[in-house]
Amino acid sequence: QVQLVESGGGWVQSGGSLRLFCAASGRTFSAIAWLCRAPGKERRFVAAIGSTYTTAYTDSVKRRFTISRDNAKNTAYLQMNSLKPGYTAVYYCVTSSTFSTVVKGGDVWGQGTRVTVSS
């Protein structure tokens, strides 16, 4: 069973950047995604990357966020640029065996890392 630990969240002013990290242990993960849950809202898909480095993004983060992975380090990343207050949420790293499954919510979740963007 794989375990995921997110880090890198914090407070940033509007227009700033953050880089989130997702470290996996237990076994190598295949498809990885970042989802978020804003206060009072349902979880939303943010970005995903497959084992062949195929990527997908929700429209609101295209050209702002970049998902990547380093298989040698068993770590995934989410580079978040030009942040706005609307991106305030808890961000979760999730993994699954297939790309199509992970974009829908994945099978294994981390504990989340909080991102707060102030205006």
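Reader: In this predicted model, which residues does Tyr-91 touch, not counting residues up to four places away in sequence?

Author: The model is predicted, and the contacts of Tyr-91 come from several parts of the chain. Not counting residues up to four places away in sequence, Tyr-91 touches Glu-6, Leu-20, Trp-34, Leu-35, Cys-36, Val-46, Phe-65, Leu-78, Met-80, Gly-112, Thr-113 and Val-115.

Reader: Which members of the largest nonpolar core touch the most other members?

Author: In soluble globular proteins, nonpolar side chains tend to be buried together. The largest nonpolar core here has 29 residues. Those that touch the most other members are Trp-34, Val-46, Phe-65, Leu-78 and Tyr-91.

Reader: Which element gives the largest share of this core?

Author: Two or more residues each come from strand 3 (18-25), strand 4, strand 5 (43-49), strand 7 (65-70), strand 8 (75-80), strand 9 and strand 11. The largest share is 4 residues, and the element that gives it is strand 3.

Reader: How many residues does the second, separate core hold?

Author: This second core is separate from the largest one. Its members include Ala-33, Ala-48, Val-94 and Val-102, and its size is 6 residues.

Reader: How many of the residues of strand 9 are buried?

Author: In a regular strand the side chains alternate between the two faces of the sheet. On one side of strand 9, Ala-89, Tyr-91, Cys-93 and Thr-95 are buried, and on the other side Val-90, Tyr-92, Val-94 and Ser-96 are buried as well. For strand 9 (residues 89-96), the count of buried residues is therefore 8 of 8.

Reader: How many bridges join strand 4 to strand 9?

Author: Strand 4 (residues 31-37) and strand 9 run antiparallel. Within this region, Ile-32 stands opposite Thr-95 in strand 9. The number of bridges that join strand 4 to strand 9 is 7.

Reader: In strand 10, which residue is the bridge partner of Thr-95?

Author: Strand 9 also runs antiparallel to strand 10 (residues 108-109), and 2 bridges join them. In strand 10, the bridge partner of Thr-95 is Val-108.

Reader: In strand 11, which residue is the bridge partner of Val-90?

Author: Strand 9 and strand 11 (residues 113-118) are antiparallel, with 3 bridges between them. In strand 11, Val-90 has as its bridge partner Arg-114.

Reader: Is Thr-113 buried or exposed?

Author: Thr-113 belongs to strand 11. Its contacts beyond four places in sequence include Gly-8, Gly-9, Leu-20 and Tyr-91, and its side chain reaches the backbone nitrogen of Gly-9 at 3.0 Å. Because its relative accessibility is 9%, Thr-113 counts as buried.

Reader: Is Trp-11 buried or exposed?

Author: Trp-11 has its place in strand 2 (residues 10-13). Its relative accessibility is 56%, so Trp-11 counts as exposed.

Reader: Which residue has a side chain joined to that of Trp-11 by a polar contact of 3.4 Å?

Author: Leaving aside neighbours within four places in sequence, Trp-11 is in contact with Thr-116 and Ser-118. The polar contact of 3.4 Å joins the side chain of Trp-11 to that of Ser-118.

Reader: What is the order of the strands in the open sheet of 4 strands?

Author: Pairing in this sheet is antiparallel, and its edge strands are strand 1 (3-7) and strand 7, each paired on one side only. Strand 1 is joined to strand 3 by 5 bridges, and in strand 3 the bridge partner of Gln-3 is Ser-25. Neighbouring strands of the sheet are turned by 15° against each other on average, direction ignored. The order is 1-3-8-7.

Reader: What lies 2.5 Å from a polar atom of the side chain of Ser-30?

Author: Ser-30 is in the loop between strand 3 and strand 4. Although a loop residue, Ser-30 counts as buried because its relative accessibility is 18%, under the limit of 20%. Its contacts beyond four places in sequence include Ile-49, Arg-69, Thr-95 and Ser-96. The atom that lies 2.5 Å from its side chain is the backbone oxygen of Ser-96.

Reader: With which residue does Asp-59 form a salt bridge?

Author: A search of the whole structure finds 1 salt bridge. Asp-59 is exposed, with a relative accessible area of 60%, whereas its partner is partly exposed at 38%. The closest N and O atoms are 3.0 Å apart, and the partner of Asp-59 is Lys-62.

How values were computed
Residues are numbered from 1 along each chain as its sequence is written. This is a predicted model: local features need pLDDT of at least 70, side-chain atom pairs count only at pLDDT 80 or more; totals for chains, interfaces and linings use all residues. Side-chain values use heavy atoms; hydrogens and water are left out. Buried means under 20% relative accessible area, exposed over 50%, partly exposed in between (1.4 Å probe, protein chains only). Two strands pair if DSSP finds at least two bridges between them. Contact means heavy atoms within 4.5 Å. A polar contact is a pair of N or O atoms within 3.5 Å; within protein, one must be able to donate a hydrogen and the other to accept it, and residues adjacent in sequence count only if both atoms are side-chain atoms. A nonpolar core is a set of buried Ala, Val, Leu, Ile, Met, Phe, Trp, Tyr and Cys residues joined through side-chain atoms within 4.5 Å. Axes are lines fitted to C-alpha atoms, for helices over the stretch in contact, and angles run from 0 to 180 degrees between N-to-C directions. A salt bridge is a side-chain nitrogen of Lys or Arg within 4 Å of a carboxyl oxygen of Asp or Glu.
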